[in-house]
Amino acid sequence: MTHTRARWWQHPAGVVGVGLLCTYVALAVLGPWLAPASPTALNLGRALAPPGGAALLGTDENGIDLLSMLLHGMRLSLWIATCTTIISVLVGATLGAWVGLRGGWLDEGAMRVVDVLLAFPGIILNLALVALMARPGVPHLIFALSLTGWVSYARVARGEALALRQKEFVLASRLAGAGEAWLLGRHILPNLMSTLVVQATYGFASVMLAEASLSFLGLGPQLPYTLGALLAQGTTYLWSSSHISVAPGLTLGVIVLACNLTGDVLRDHWQPRRPSRLA
């Protein structure tokens with residue numbers, strides 16, 4: 001049977017996912033210029049104003065324009081999730097591919113560490129790390145999320161490296177005297193890119209959820225306009241002014257959905273032998 005690559009524009013779900021993700025990135029990047037007001041400009045006379053009029057999405061308990069806070073929060077989330085994902089992929093893929101290529105006791109020892117970290121809930125480790133800091137900021141949060149985020153990429157890269165090191169082109173390079181650095185940079189890592197990009201797309205959504213969870217608990221960046229902070233504020237006024245929590249909640253849900261749909265599209269394009277979830 002002949003397998004053909006799935007094209008994202010042939011699947012309605014794929015079009016929706018890619019479109020939503022591109023829209024989110026555009027709004028996050030252009031947020032400061034699109035925001036109608038400052039995300040910290042207080043106006044107590046308009047506190048908890050409902051959506052409509054000058055405040056399209058309403059205001060929060062301090063009278064701050066919710067749309068402005070949401071746009072700035074989306075930009076902050078994009079920055080945190082992007083930096084964390086890049087660091088996690090670089091560290092996890094390089095380490096996993098290296099130990100998989102070498103094998104032996106180094107491979108076994110590294111994978112036992114990975115197993116321990118995977119068995120322990122990552123959010124608990126994130127909470128413990130961030131809670132140790134007096135005033136956690138964006139760099140601290142990225143560090144805490146990256147410290148647990150690399151393990152899944154390491155496991156995937158190690159598994160792929162174990163298979164790739166038996167391929168003819170890798171064995172031929174070894175016989176020609178190529179070192180480990182050359183094999184990693186020339187053969188192993190380039191052949192992992194499609195798998196890592198697909199996993200990073202799903203991981204990006206997971207990082208956003210983790211960042212929102214920490215901010216919801218007050219352990220994220222000490223800013224009032226993060227998505228998690230807006231959700232936390234909205235729980236106080238859930239029945240009287242639900243727009244405070246509905247807007248960031250829907251935003252976070254749509255972003256996670258877009259990442260998952262985009263990940264499915266990329267997986268079906270690069271790995272067509274697997275059954276499609278978009279068919």
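**Close-up 1. Five helices line the largest pocket of this predicted model.** Helices α2 (66–102), α3 (104–119), α4 (122–131), α5 (138–164) and α7 (180–216) each give at least two residues to the lining. The lining of this pocket counts 21 residues. Nearest the pocket centre lie L145, T148, G149, S152 and S206. The space in the largest pocket comes to about 390 Å³. By class, its lining holds 10 nonpolar and 11 polar residues. Charged residues are absent from this lining.

**Close-up 2. The second largest pocket has α1, α2 and α7 as the elements that supply two or more lining residues.** Its volume is about 180 Å³. The lining is made up of L21, Y24, V25, L78, T82, T85, I86, V197, A200, T201, F204 and C259. Nine of these residues are nonpolar and three are polar. None is charged.

**Close-up 3. Helix α1 crosses helix α9.** The two helices span residues 12–34 and 243–270, respectively. Their axes come within 8 Å and cross at roughly 130°. An angle over 145° would count as roughly antiparallel, and 65 to 115° as roughly perpendicular; α1 and α9 are therefore oblique to each other. The crossing is left-handed.

**Close-up 4. Residues at the contact of α1 with α9.** From α1 come A13, G14, V16, G17, V18, L20, L21 and Y24. From α9 come V254, I255, A258, C259, L261, T262 and V265. The contact has 12 nonpolar residues and three polar ones, with no charged residue. L21, Y24 and C259 belong to this contact and also line the second largest pocket.

Conventions: Residues numbered from 1 in each chain as written. Predicted model: local features only at pLDDT ≥ 70, side-chain atom pairs only at ≥ 80, totals over all residues. Heavy atoms only, no water. Axes fitted to C-alpha atoms, helices over the stretch in contact; angles between N-to-C directions. Helix = DSSP H or I, 4+ residues; strand = E, 2+ residues; numbered from the N terminus. Parallel < 35°, antiparallel > 145°, perpendicular 65-115°, else oblique. Left-handed = near helix turned anticlockwise from the far one by under 90°. Contact = heavy atoms within 4.5 Å. Nonpolar A, V, L, I, M, F, W, Y, C, P; charged D, E, K, R; others polar. 1 Å grid on protein atoms, 1.4 Å probe; cavity = no way out; pocket = protein on both sides within 12 Å on 5 of 7 lines; lining within 4 Å. Points joined across faces, edges and corners; volume = space filled by probe spheres on them.
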